[in-house]
Amino acid sequence: MLKSILIIIGLMLAAFLLLSVRLIFKKGGRFHSMHISDSRAMRERGIGCVQSQDRNARKSNPHKLQVNQL
């Protein structure tokens, strides 16, 4: 039981260290942004995050309701 717990802790430590290599060893290192809108390939394809696409779709809607007219 103790042996398996130590193995699991060792594996988790190794995974943590491997995931943070860029942060530790590179000067000014940081994780890349995981947002869709920050990806150059996605922008070239015209794909953005859902919130941005929804906001853009609402701007161009000529039949949208005006809140002050309700």
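Reading from the N terminus, the elements run α-α-α-α. So this predicted model is a helical one: the protein has four helices and zero strands.

Now step back and look at the overall outline. The C-alpha trace spans about 70 × 35 × 20 Å along its principal axes. For a compact globule of 70 residues you'd expect a radius of gyration near 11 Å, but this protein comes in at 23 Å.

Turn next to the surface. Of the 70 residues, 3% count as buried. The protein exposes about 7,100 Å², and carbon and sulfur atoms supply 64% of that area.

With burial in mind, have a look at Ser20. You'll find Ser20 in the loop between helix 1, which covers 2-19, and helix 2, which covers 21-25. Is Ser20 buried or exposed? Ser20 is buried, because its relative accessible area is 8% and the cut-off for buried is under 20%. The side chain of Ser20 also has a partner: it reaches the backbone oxygen of Phe16 at 3.0 Å. Phe16 falls within the 2-19 stretch of helix 1, so to speak, on the helix side of the loop.

Finally, move along to the largest pocket, with a volume of about 180 Å³. Which residues line the largest pocket? Walking along the chain, you meet Arg22, then Arg30, Phe31, His32, Ser33, Met34, His35 and Ile36, and after those Asp38 and Ser39. Sorted by class, that lining is a mix of three nonpolar, four polar and three charged residues.

Conventions. Residues are numbered from 1 along each chain as its sequence is written. This is a predicted model: local features need pLDDT of at least 70, side-chain atom pairs count only at pLDDT 80 or more; totals for chains, interfaces and linings use all residues. Side-chain values use heavy atoms; hydrogens and water are left out. Helices (H or I, at least four residues) and strands (E, at least two) are DSSP runs, numbered from the N terminus. Buried means under 20% relative accessible area, exposed over 50%, partly exposed in between (1.4 Å probe, protein chains only). A polar contact is a pair of N or O atoms within 3.5 Å; within protein, one must be able to donate a hydrogen and the other to accept it, and residues adjacent in sequence count only if both atoms are side-chain atoms. On a 1 Å grid over the protein atoms alone, a cavity is a set of points where a 1.4 Å probe fits but cannot get out, and a pocket is an open set with protein on both sides within 12 Å along at least five of seven lines; lining residues have an atom within 4 Å of a point. Grid points are joined across faces, edges and corners, and a volume is the space filled by probe spheres set on the points. Ala, Val, Leu, Ile, Met, Phe, Trp, Tyr, Cys and Pro count as nonpolar, Asp, Glu, Lys and Arg as charged, and the others, Gly among them, as polar. The radius of gyration is taken over C-alpha atoms; the globule rule is 2.2 Å times the number of residues to the power 0.38. Accessible areas come from the Shrake-Rupley method with a 1.4 Å probe; for residues, only the protein chains shown count as cover.
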